[in-house]
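Welcome! Please take a look at the structure below, and then let us walk through it together, one part at a time.

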Amino acid sequence: MKRIRFKGLGILSIALMVVLSACGGNNNNNKASESSAPASSSTPKASESASPSADAKPVELSIMWWGPDARHEATLKALDIYSQQHPGAKFKPEYLAWDAFWQKLPTLAASKSMTDVLQMDAAYIQEYVSKGLLEDLSDIDLTGLVDPAVVENLKIDGKLYGIPLSQNAQGVAFNKAELEAAGVDLPQKDWTWDQYFEWGKSAKAKLPEGKYAVNDTSNLWDWYQWYQTGNGGKPLMTDGGKTFNFDKDLFVKYHSALADLRAAKAVPPADQQTAFLENDPAGDPMASGVVMTRGATTGSVGALEQLMPGKVDVVNIPVGSAGGGWAQSTIFLSVSTHSKYKDQAKAFVEWFITDPQAGEALGLTRGIPINPEIYKALEPTLEQKDKLGKKVYDISVDKALPFYPIAAGYTEWVDTYKATMEGVMFGKTSIEDAYDKLNKLGQDIAAKTK
Amino acid sequence: MNALRPRWSRHLALIVFSLLMVYPIIWWLGASLKTAPEMNLPTIWPSTPIWENYSAGWDFSPSPHTFAHFYANTLLMEVGNVIGGVVTAAIVAFGFARLKFKFRGFWFSILLMTLMLPGQVTIVPQYILFNRFEFTDSYVPLILPHFFGGGAFFIFLLVQFIRGIPKDLDEAATIDGASVYGIFLRIIFPLIKPALVTVAIFTFIWSWDDFFSQVLYLSSVDKFTVGLALRMYIDQFEVQWGQMLAMALLSVLPSAVIFFLAQKHFVEGIATTGIKG
Amino acid sequence: MNTKVATTSTRRTLFRISRKSGESNLHGYLFISPWLIGFLLLTLWPIAQSFYLSFTDYSLLASPVWTGMDNYKRMFFDDADFVQSLKVTFTFVLVSVPLKLFFSLMVAQLLSKSMKGMSLYRTMVYFPSLIGGSIAVSILWRNMFGVDGYINKVLAVFGIEGRGWISDPDSALWTLILLNVWQFGSTMVIFLAGLKQIPQELYESASVDGAARWRKFYHITLPMLSPVMFFNLVLGVIGSFQMFTAALIVTRGGPMHATYTYALFLFEKAFKHFQMGYASALAWVLLLMVALITVLNFYVSRFWVFYETDGGGRK
């Protein structure tokens with residue numbers, strides 16, 4: 001035979017099916033047997049598994065977080081302090097950047113090897129809680145550390161799955177220097193949505209050619225949700241995703257207002273708008289000097305300030321009858337349900353927001369510390385970027401609505417919203433068609449969640 | 001041959017073409033010397049080059065290690081990958097290209113099939129597998145696959161090259177009493193040298209780039225590769241652009257040097273050694 | 001120089017010899033054993049798993065739940081993104097594979113000559129392929145093809161008004177195709193190695209016969225290079241169907257899913273939307289499509305690929 005033939009694809013698939021039926025069976029059994037299998041990321045002795053006793057024996061805890069390098073350095077320092085205070089306590093730290101963290105975590109969850117302690121984000125916590133991967137931390141006593149109202153607000157089905165680390169809030173950053181230079185009135189606290197759209201038009205008229213006052217936020221789902229909830233509508237996903245509330249009137253009203261801005265050329269054209277990439281020095285709508293405003297949070301405004309030092313100021317998200325924006329913790333420390341050292345992990349997590357030495361080491365690397373006493377000690381050391389972050393919080397907190405996260409199962413909807421609304425921006429889809437498509441998908445997901 | 005005579009027109013064409021190809025790299029060098037606010041300016045070169053981007057980037061503050069440590073890690077891994085890949089791919093390819101055995105066609109189809117299934121759906125089961133054998137946070141899951149034939153791409157590549165070698169050579173050796181192993185070692189192996197160099201270079205470059213497996217399998221910082229360290233610069237909001245671009249540019253250099261040193265072997269292939277047939 | 005006129009008898013002799021010793025199978029399996037063992041040990045199980053998972057609802061975060069053919073039904077009857085990603089991917093494959101093959105063969109021809117400074121040229125031309133999927137590529141490409149990018153500046157010199165090439169749904173995919181072709185180095189290197197394997201004697205005797213350069217290219221280079229060309233074609237198709245990194249880091253699949261390639265779609269389902277079961281089904285459908293095309297490729301190759309082993313060739 002001179003030629004290697006491509007025969008046997010058929011045989012091959014049959015062969016595979018046979019192999020598979022065996023494998024498939026195995027897979028279902030994994031669940032039971034694996035809960036007792038050792039997690040490979042730590043090297044514990046099996047006999048040492050955590051006892052319910054409160055007095056936690058020092059062990060090696062694995063811990064994982066994401067962040068920029070200042071956070072890594074500060075956290076490593078804090079871990080050292082913990083080890084000094086608790087002789088014998090050791091850590092196996094793992095730190096990554098945001099993208100890598102969220103790419104890796106599902107794989108760790110699939111192999112039941114999540115770290116004992118892990119940093120969590122409000123955007124994802126529901127997904128992980130709904131699959132039973134995070135330990136209930138309700139019995140940790142947070143009195144005097146965290147405002148009880150905040151704790152209540154963070155509970156999912158009455159239980160607390162993540163210890164809040166910092167205050168966060170959503171606002172709008174604006175280019176104060178350039179707006180003043182162009183003689184534009186600066187945005188004022190508690191501006192309404194109508195004022196926001198109007199300001200977008202009038203400010204644009206005073207700005208030089210090629211510059212815009214506001215973005216075309218059509219493809220950002222959270223902006224629409226702020227509009228819907230701010231104007232008295234329900235959050236998009238309620239009951240843990242079992243109900244999907246997509247208000248057609250508000251949707252059409254909001255997107256018609258944006259369509260007006262597009263028609264009046266008061267927002268960047270679609271091909272320029274979709275090219276923006278926040279926090280990219282050349283691609284950021286504000287840092288590139290093209291747009292005068294954009295959404296920013298307590299946690300993210302500092303990065304913007306570093307790209308355009310001395311030019312940034314902040315205001316809150318436009319408000320409706322019900323309020324506007326949100327002000328809440330979005331970064332947490334959670335404990336994995338697969339951890340064998342839950343008590344030690346819980347003790348550590350509590351220490352993390354309590355200990356003054358730790359607070360000093362951590363500084364503002366995770367935003368404004370949730371513990372008022374720690375924050376007070378740090379206040380004199382605030383830099384301009386931190387002050388801006390604090391201002392976003394202060395300016396938003398009185399009108400703020402709760403933070404409505406993506407419910408489990410809805411990341412797909414969020415991505416579809418973006419692609420669909422870009423169709424509207426490029427004039428290829430009508431607002432009504434977009435509504436129908438997104439509503440159908442949302443209702444389908446809600447039906448599946450039941 | 002006339003091609004050996006240097007011709008100015010050809011030089012000119014090559015110079016223009018090469019510059020066109022590397023123009024974006026020149027932009028990259030410029031950008032790596034800029035401050036973040038300067039980066040949205042259209043100028044290629046910064047007014048005052050920030051060489052600290054290189055020194056600070058090299059020190060890599062999130063860990064006690066400098067990039068030197070990550071380069072050492074990566075190179076160590078690469079040595080294993082390249083040796084494993086080149087040797088085993090050649091052996092397997094010879095089997096497929098020159099030997100006749102039962103189900104050869106079947107196994108070759110399977111080999112190609114492993115290339116067609118996107119890795120995204122096998123990586124999690126594979127992770128679970130390695131995790132069960134406690135090989136995570138080590139280089140084993142990254143190096144080991146290279147010792148099993150180096151992957152279907154390279155096996156297929158070498159099969160094609162071996163099939164391009166006249167069989168008269170094998171035949172002559174057989175008559176001289178050489179075994180299959182003798183044919184492989186003394187005839188085929190030397191003749192596919194250009195292809196083996198290609199395999200070596202590609203293994204090197206592609207393992208260097210294989211971020212997704214590295215991020216899954218390596219978790220402690222002291223085991224980090226260059227690629228992993230680089231990604232640390234890009235967080236959700238805060239990106240240290242200058243340092244990131246500087247280190248990313250440096251990270252390409254080893255591959256470029258390896259390529260530069262190895263590429264002359266394409267020229268010395270069979271063509272200059274000649275076939276004494 | 002008659003090396004390429006391998007006779008059928010020599011070929012048979014070789015096999016007869018090994019068969020006579022009764023070790024043909026043993027030798028064969030011994031040689032492929034490194035791969036075979038690796039396959040059975042490391043690859044078979046994950047592949048089988050992914051096949052099983054394609055019939056389940058599997059979020060990665062919880063155990064898979066058997067759903068039968070649901071994933072496959074959803075794909076074909078109820079998923080506009082699936083159709084869109086197919087459209088994007090087929091366009092990408094059909095344009096970029098031939099373009100890259102042609103381009104890299106031409107450049108390889110140019111770079112295969114021995115000449116002063118050739119090492120440097122080769123390295124420079126290869127450089128874009130070295131940077132691969134580095135995050136720097138995304139910044140770079142946006143700087144080239146953005147609204148204020150260099151391409152538009154060049155166009156402006158000629159009085160043409162550009163646009164945001166990378167963010168316009170009508171042109172975004174084409175910038176990715178261009179990026180893919182710009183990184184033609186690997187294909188070119190394989191051609192280069194192939195060119196160097198062609199015995200110089202063939203060209204020399206053809207020169208004696210007074211053959212023109214293009215005739216030499218057509219009658220010697222192309223047939224002698226055909227196995228390598230075939231390799232580049234098959235692997236180019238397989239690789240392009242899985243195109244992913246550039247779409248992820250440069251355009252993130254947008255705008256309007258204009259660059260939502262099949263592999264990116266699959267990746268997002270697997271790791272972002274927590275639908276690994278559906279992603280696995282997508283992967284197996286991709287495998288089936290690519291396998292069919294590859295079988296076709298192998299079939300057609302009989303008519304144009306020339307192996308020394310076969311004896312004879314295009315005259």
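## Chain C at a glance

Let us begin with chain C, which has 315 residues, 53% of them counting as buried. Please keep in mind throughout that this is a predicted model. The secondary structure of chain C amounts to 14 helices and 2 strands. Among contacts in chain C with a separation of 6 or more, 69% join residues that are 24 or more positions apart.

One helix of this chain is worth a visit of its own. How many of the 8 residues of α7(C) are buried? The count is 0, and this helix, which spans residues 150-157 of chain C, is hardly covered. C:Gly159 follows α7(C), and its phi is positive, near 80 degrees.

## Where chains B and C meet

Next comes the contact between chain C and chain B, which takes 87 residues from chain C and 80 residues from chain B. On the chain C side, the elements that each supply at least two residues include α1 (8-20), α2 (24-53), α5 (118-130) and α14 (276-301). Which of the elements gives the largest share of this side? That is α2(C), with 19 residues. Sorted by class, the side of chain C that touches chain B holds 54 nonpolar, 26 polar and 7 charged residues.

For a closer view, find helix α13 of chain B, residues 241-262, where it packs against α5(C). The two helices make an angle of about 145 degrees, and their axes are 10 Å apart. The crossing of α13(B) past α5(C) is right-handed. From α13(B), the residues in this contact are B:Val252, B:Ser255, B:Ala256, B:Phe259 and B:Phe260. They meet C:Ser119, C:Thr123, C:Tyr126, C:Phe127 and C:Leu130 of α5(C). By class, the contact of α13(B) with α5(C) has 7 nonpolar residues, 3 polar and no charged. As background, an α-helix has 3.6 residues a turn, so residues three or four places apart point the same way.

## A buried arginine in chain B

While you are in chain B, look for B:Arg98, which lies in helix α3, residues 67-98. Why does B:Arg98 count as buried? There are 25 other C-beta atoms within 10 Å of B:Arg98, and 20 or more are enough for a residue to count as buried.

Leaving aside residues up to four places away in sequence, B:Arg98 touches B:Ile162 and B:Asp170. B:Ala262 sits elsewhere in the chain: B:Arg98 and B:Ala262 are 164 residues apart in sequence, and their C-alpha atoms are 27 Å apart in space.

## Two domains in chain A

Now turn to chain A. Its domain assignment gives domain 1, made of 55-167 and 328-394, and domain 2, made of 169-327 and 402-449. The centres of these two domains, taken over C-alpha atoms, are separated by 29 Å.

Their contact takes 19 residues from domain 1 and 21 residues from domain 2. On the domain 1 side, the elements that give two or more residues are α4 (125-130) and α15 (384-396) of chain A. The largest share of that side comes from α15(A), with 8 residues. This side of domain 1 divides into 6 nonpolar, 9 polar and 4 charged residues.

## A sheet in chain A

Chain A also holds an open sheet of 5 strands with mixed pairing, in the order β2-β1-β3-β11-β4. The edge strands are β2 (90-96) and β4 (163-164), each of which pairs on one side only. A helix packs on this sheet: α2 of chain A, residues 69-85, touches β1 and β2, and its direction makes about 170 degrees with that of β2(A).

In which sense do β1 (residues 60-66) and β3 (residues 117-121) of chain A pair? They pair in the parallel sense, over 2 bridges. A:Ile63 has A:Val117 in β3(A) as its bridge partner.

## Where chains A and C meet

Our last stop is the contact of chain A with chain C, which takes 31 residues from chain A and 35 residues from chain C. On the chain A side, α1 (9-34), α3 (98-110), α4, α10 (270-273) and α16 (411-425) each supply at least two residues. Which element gives the most to this side? It is α1(A), with 8 residues. The side of chain A that touches chain C is made up of 15 nonpolar, 8 polar and 8 charged residues.

Terms used. Residues numbered from 1 in each chain as written. Chains lettered and ligands numbered in written order. Predicted model: local features only at pLDDT ≥ 70, side-chain atom pairs only at ≥ 80, totals over all residues. Pairing = 2+ DSSP bridges. Helix = DSSP H or I, 4+ residues; strand = E, 2+ residues; numbered from the N terminus. Contact = placed C-beta atoms within 7 Å. Axes fitted to C-alpha atoms, helices over the stretch in contact; angles between N-to-C directions. Domains from an automatic or database assignment. Nonpolar A, V, L, I, M, F, W, Y, C, P; charged D, E, K, R; others polar. Buried ≥ 20, exposed ≤ 12 C-beta atoms within 10 Å, placed from the backbone. Left-handed = near helix turned anticlockwise from the far one by under 90°.
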